[in-house]
Amino acid sequence: MDYQDVLAALGAGSAHPGGFRTTLEWLEHVPIQSSTRILEVGCGTGRTSVYVQQKYDCPVIGVDVRREMVAKARRRAKQVGAKVKFVQASAERLPFPDASFDLVYMESVNVFVDQIEQALAEYHRVLIPGGRLLDVEMMIMGPVAPAWRESAKRVYGALRVPDLASWRRMFQESGFSNVRALWSRPVRPEDALAAEPMDENGTLVDPGAYQKPEVIRVLTENAQWMETNHRWLAYVVLVGEKPKRNLETSG
Ligand SMILES: C[S@@+](CC[C@H](N)C(=O)[O-])C[C@H]1O[C@@H](n2cnc3c(N)ncnc32)[C@H](O)[C@@H]1O
């Protein structure tokens with residue numbers, strides 16, 4: 001089992017740095033109305049999608065590459081009567097027409113996607129001109145040794161942990177404008193997986209999951225790694241916009 005298998009088995013609701021508190025905070029910075037069409041990429045078990053759909057009564061689609069995540073997200077939505085559509089799909093190949101959404105967001109997903117440039121191109125494609133991208137991600141605070149990156153990959157499956165300048169550059173190179181950090185904060189050891197209740201209602205966790213040796217191993221390894229390494233990590237809430245007009249052809 002790897003980190004993401006464990007998140008799925010435990011029915012993790014807010015498996016991103018800062019947890020659900022961060023979600024509530026960034027929502028204060030983004031104008032959302034009942035007509036705002038929203039896509040969440042890498043929605044996991046759908047906690048944020050369900051919350052957003054119910055709070056704003058707006059159309060929300062959540063996609064995740066993992067079948068178990070999508071199944072649990074659908075179960076969550078059914079439990080509370082949320083009208084979210086959950087689709088199994090990858091960030092690199094979103095099954096939606098161009099310009100379908102006003103807001104595309106993700107929380108702790110882009111460190112994991114296989115092809116980041118392709119994923120960013122897809123977010124850009126499915127947004128309307130003037131639409132907004134928002135992303136909560138881990139970032140590195142300074143230079144680290146290749147061995148550090150290897151350990152982040154082994155323990156978390158994180159294929160990349162860029163610094164703030166690199167995140168911004170990637171977004172800009174994918175065509176987003178006005179790319180900025182709403183805020184960034186240090187990651188605390190309490191942000192480790194094992195320290196948070198994974199499934200806030202206890203209805204999405206696989207029976208007996210917490211007793212499984214493999215789950216215990218991953219949780220323990222994760223907590224130990226975070227205890228040692230959190231001082232190199234921060235998380236950032238990045239936003240950018242798809243420009244209203246293509247600057248190369250305007251004028
Ligand atoms: C750390 S979890 C975060 C889940 C959710 N955003 C949350 O905050 O609870 C990362 C999620 O990204 C999904 N994911 C990873 N790579 C993906 C990809 N290429 N396309 C879509 N989802 C992906 C995983 O299946 C997992 O559900």
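**Reading the ligand site and the cysteines**

User: Which classes of residue make up the shell around the ligand?

Analyst: This is a predicted model. The shell holds 10 nonpolar, 8 polar and 5 charged residues.

User: How many residues surround the ligand, and which are the closest?

Analyst: The ligand is surrounded by 23 residues. A15, H16, G42, D64 and A91 are the closest.

User: Where does the protein make polar contacts with the ligand, and at what distance?

Analyst: Look for pairs of N or O atoms within 3.5 Å. At D64, an N or O atom of the side chain is 2.6 Å from a ligand oxygen. A91 uses its backbone: a polar atom there is 2.8 Å from a ligand nitrogen. E107 also offers a polar backbone atom, 2.9 Å from a nitrogen of the ligand.

User: How much of the ligand does the protein bury?

Analyst: Taken alone, the ligand exposes 590 Å². The protein buries 96% of that area.

User: Which pocket does the ligand take up?

Analyst: The ligand takes up the space of the largest pocket.

User: Now the cysteines. How many disulfides are there?

Analyst: First the general idea. A disulfide is a covalent bond joining the sulfur atoms of two cysteines. The test is a sulfur pair within 2.5 Å. By that rule, the count here is 0. C43 is in no disulfide, and the nearest cysteine sulfur, in C58, is 15 Å away.

User: Why is C58 without a bond to C43?

Analyst: Because the C58 sulfur is 15 Å from that of C43, its closest cysteine sulfur, which is too far for a bond.

User: Are these two cysteines buried or exposed?

Analyst: C43 is buried, at 6% relative accessible area. C58 is buried too, at 3%.

Note on methods
Residues numbered from 1 in each chain as written. Predicted model: local features only at pLDDT ≥ 70, side-chain atom pairs only at ≥ 80, totals over all residues. Heavy atoms only, no water. Near = heavy atom within 4 Å. Polar contact = N/O pair within 3.5 Å; in protein donor to acceptor, adjacent residues only side chain to side chain. Areas by Shrake-Rupley, 256 points an atom, 1.4 Å probe, with all protein chains shown as cover. 1 Å grid on protein atoms, 1.4 Å probe; cavity = no way out; pocket = protein on both sides within 12 Å on 5 of 7 lines; lining within 4 Å. Sits in = over half its atoms within 2 Å of the grid points. Nonpolar A, V, L, I, M, F, W, Y, C, P; charged D, E, K, R; others polar. Buried < 20%, exposed > 50% of the residue type's maximum accessible area, 1.4 Å probe, protein only.
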